Structure formats: structure tokens, C-alpha cells
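Got the viewer open? Let's walk through this one stop at a time, with a selection to make at each.

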There are 2 protein chains.
Amino acid sequence: MLFNGYLSAMAFHKERSAGFLANQMARLFAKGLHERIRPLGLAPAQFMTLLALWDEDGLAQSELVQRLDVEQATMANTLTRMERDGLIERRANPDDGRSQAIHLTPRAKALRDPATAAARAQNEAALADFTDEERQTFLALMRRAISAMHGD
Amino acid sequence: MLFNGYLSAMAFHKERSAGFLANQMARLFAKGLHERIRPLGLAPAQFMTLLALWDEDGLAQSELVQRLDVEQATMANTLTRMERDGLIERRANPDDGRSQAIHLTPRAKALRDPATAAARAQNEAALADFTDEERQTFLALMRRAISAMHGD
DNA sequence: CAATGATATATAGCTTGCTATGCAAATGGG
DNA sequence: CCCATTTGCATAGCAAGCTATATATCATTG
């Protein structure tokens, strides 16, 4: 009775909810990044995928799924759009008929510098008035929240 | 030349990118919240909208757009799904033929306590090993990044 | 070697975002 | 009062998430 009364009275303030703020922040990051890379013909998830492939070309879809921590179906659809847009090619893997190696096209390789510069600019815009220490703290806290939710 | 060489060599590490971490963190928050409120028949954006309406019933769509900071089209679609699911009713506004007042159904009112409890549990899961001070710091840093990107 | 189980992708269907448009109702200036 | 502008919503169309399911290939094991 007292307990239920307490719960009912205990307002949930979205401004004080980490989840609410995380959602809003991520949308603003994505929107800002999208504006910056749109002239390059890229969308945010395509950029994230390119980050992994610029680092190591020829990965299998399953490896991209691991590195970017998205569901397999999400990655499959993103790769289909990237193939459509001339960013990647899916090449058969001679050792395993199930998997394919994802290879960058010359166009995708050429986008590396302008696209990473755009992403850096967006991060900088978000953290403009943060000190170096605050930036480190912020990244560390986000990593801890991610680990806690990821279960590791 | 030196500058271009520097840029090319300057790898972009997603693990050190605030935007990348923000995206991953927000997805984990949304996924965890969704699992917790799915038994109630709710999805995350519906819950966010309910938060505003539990606070003040009968708001116009335009007011919800302001409070939740999403695009008008996004809110219109979310409200359509909520109406379909029996969470809200759109009632004509006698003072302005363009707008409608969004009213909660009894079902939506009854979900307040269990749904906010679920959201609190998700926030707690994410911040389980944070001290009180770290929680305050984290929220403050997210608010500052949001303000910086929002342009205010 | 055949059957079983595991792995790699694909596809269907849904929610939540966004931009871009369209339209009707309200408002404000001449 | 009338026209132009503004405001409030709806809709179309797309990207990117997710879950659930299907399919084909590999691997294991009896």
C-alpha cells in the first residue's frame, strides 16, 4: 500500500533517464554525421561498415557482424544497399560455399579520408566544450554502460 | 603533402569515437527496454510518448514533438500505431480545426507504474557499477553533448 | 556414408528515425 | 475582406534496427 503509493508518486523524469538521453544523443550524432557524409553518397550505417572494411578488406559478413555488434539481418540489408550503391562487392569464398568475402570498390576506398574527416568533425562538434579529461571520462563511462548491458 | 599523408595515416578508431559508442549504447538501452516492456504490449517510442502524456494528458501532437524532440512525421506515425494499439485517442480540438488533443485510454493509464518500473530497471542495469557521482557526471556530459549538437 | 547439428546468409515483417510534400485551417497585413 | 503566410497533420519513401524463419553448406558422429 505504502509501497504502491510511493511508486505511483515517484515520477519518471526523462531528463534524468540515461536511456532517454542516450537515445536523443545518438539521434543527434547520426543526424549530424548523415548531413556531413550525405554529399559523399553515404549513410551512417554504411560509414560504420566501411570503417571495418577500410581497416581490413575482404571480411566475411559474420566478421562484420561481430565487429560492429549488429544483428546478422541488419548487416545483410546494409550490405545489400552498399552493393547497390557501388561501395562493395560480394565475392564467393572458395573455401566455404556459405560465406562471401566483402570487398571494397575503388569508390569506397577513395571515400576513406573525406568520410573519416566528416566523422571526426561531428565528434568534435558534439564535444567542442569538453576538456581532454572530460572526453576521456565520457568515453570510459559509455564503454562501461555498454559492457554492463552487453553482459560482459 | 605532409598534411594529406598525415590524414591518411591517422586511423579512425570506432572504439574511441563518441558517436560510435553513443549509437551502440542507445541500441543496447532500446533493446533492453524493449524486452522489459514487450510483455506490456509497448515499444520504446510508445513508452517515451506515454511518459509525456502521463505527465500531461491531452497534449497536441505539436507539443509532443517539442517535448520529445523528434520530427513531426515520426510522431504522427508513432501516434497512429498507439491509436491502433488502443493506447490513445485523437480528439478534435474545438478551438482549432487543425489540431487534435491526444488523450490516454484507461489501458495506457494503467501501464504507468509497470512501464516506468521497467525503464528504471533498464537504467539501473546499465549503470549498475556506477557510483552516484559517476551517474551525475554521466548525465551531465550527455546533456552537454546534446546541447552542443542541438545548437543551444 | 547418412543423418544430425551447426554455421552463413537471406528474407519477411515490424518499429522508429528522417526528409520531402501536400493540404487544410488559422492568422495577419493591406 | 482577401490574399499570402504560417501552422498542424498526414503521407510517401527510404535507412537502419530488431525478431523470426528459411535455406544451403559444412562439420560431426554413429
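In which sense, left-handed or right-handed, does H4(B) pass H5(B) in their crossing? Keep that in mind while you colour the chains; this is a predicted model.

**Stop 1: H4 and H5 in chain B**

Select residues 61-68 of chain B for helix H4, then add residues 72-84 of chain B for helix H5. The crossing you see is right-handed. The axes of H4(B) and H5(B) come within 9 Å, and the crossing angle is roughly 115°. The pair is therefore roughly perpendicular.

Now show side chains. On the H4(B) side, pick Gln61(B), Leu64(B), Val65(B) and Leu68(B); they meet Gln72(B), Met75(B), Ala76(B) and Leu79(B) of H5(B). Colour this contact by class and you get six nonpolar residues, two polar and no charged ones.

**Stop 2: bring in H3**

Keep H5(B) on screen and add residues 44-55 of chain B, which is helix H3. Here the axes of H3(B) and H5(B) come within 10 Å and cross at roughly 95°. That angle makes H3(B) roughly perpendicular to H5(B). To see who touches whom, select Ala45(B), Gln46(B), Thr49(B) and Leu50(B) on H3(B), with Met75(B), Thr78(B), Leu79(B), Arg81(B) and Met82(B) on H5(B). The class count for this contact is five nonpolar, three polar and one charged.

Met75(B) and Leu79(B) are worth a label: they appear in the contact with H4(B) and in the contact with H3(B).

**Stop 3: the sheet under H5**

What does H5(B) lie across? Turn on the strands and you'll find S2 and S3 of chain B, with H5(B) running at about 110° to S2(B). These strands belong to an open, antiparallel sheet of three, ordered S1-S3-S2. S1 (59-60) and S2 (88-92) of chain B are the edge strands with a single partner each, so each has one side without a neighbour in the sheet.

Zoom in on S1(B) and S3 (residues 100-104) of chain B: two bridges pair them in the antiparallel sense. Click Leu59(B), and opposite it in S3(B) is Ile102(B).

**Stop 4: over to chain A**

Hop to chain A and look for its sheet. Three strands are there too, antiparallel and open, in the order S1-S3-S2. S1 (59-60) and S2 (88-92) of chain A are at the edges, each with a single partner strand, so one side of each is left free of a neighbour in the sheet. Leu59(A) stands opposite Ile102(A) in S3(A). Add residues 72-84 of chain A, and you have helix H5 packing on the sheet, where H5(A) touches S2 and S3 of chain A.

How does one chain map onto the other? Chain A lies on chain B with an RMSD of 0.0 Å after a turn of 180° and a shift of 0.0 Å along the axis. The copies are thus related as by a two-fold rotation axis.

**Stop 5: where the chains meet**

Last selection: residues 132-150 in both chains, helix H8 of each. H8(A) and H8(B) pack at about 110° with axes 10 Å apart, so they are roughly perpendicular. This crossing is left-handed. Show the side chains in contact, among them Phe138(A), Leu141(A) and Met142(A) from H8(A) and Phe138(B), Leu141(B) and Met142(B) from H8(B). By class, this contact has eight nonpolar, two polar and four charged residues. Finally, colour the interface: 100% of chain A's interface residues are also interface residues in chain B, so the copies meet through the same surface.

Notes: Residues are numbered from 1 along each chain as its sequence is written. Chains are lettered from A and ligands numbered from 1 in the order in which they are written. This is a predicted model: local features need pLDDT of at least 70, side-chain atom pairs count only at pLDDT 80 or more; totals for chains, interfaces and linings use all residues. Side-chain values use heavy atoms; hydrogens and water are left out. Axes are lines fitted to C-alpha atoms, for helices over the stretch in contact, and angles run from 0 to 180 degrees between N-to-C directions. Helices (H or I, at least four residues) and strands (E, at least two) are DSSP runs, numbered from the N terminus. Angles under 35 degrees count as roughly parallel, over 145 as roughly antiparallel, 65 to 115 as roughly perpendicular and the rest as oblique. A crossing is left-handed if the near helix is turned anticlockwise from the far one by less than a right angle, and right-handed if clockwise. Contact means heavy atoms within 4.5 Å. Ala, Val, Leu, Ile, Met, Phe, Trp, Tyr, Cys and Pro count as nonpolar, Asp, Glu, Lys and Arg as charged, and the others, Gly among them, as polar. Copies are superposed by least squares on the C-alpha atoms of residues with pLDDT of at least 70 in both. Two strands pair if DSSP finds at least two bridges between them.
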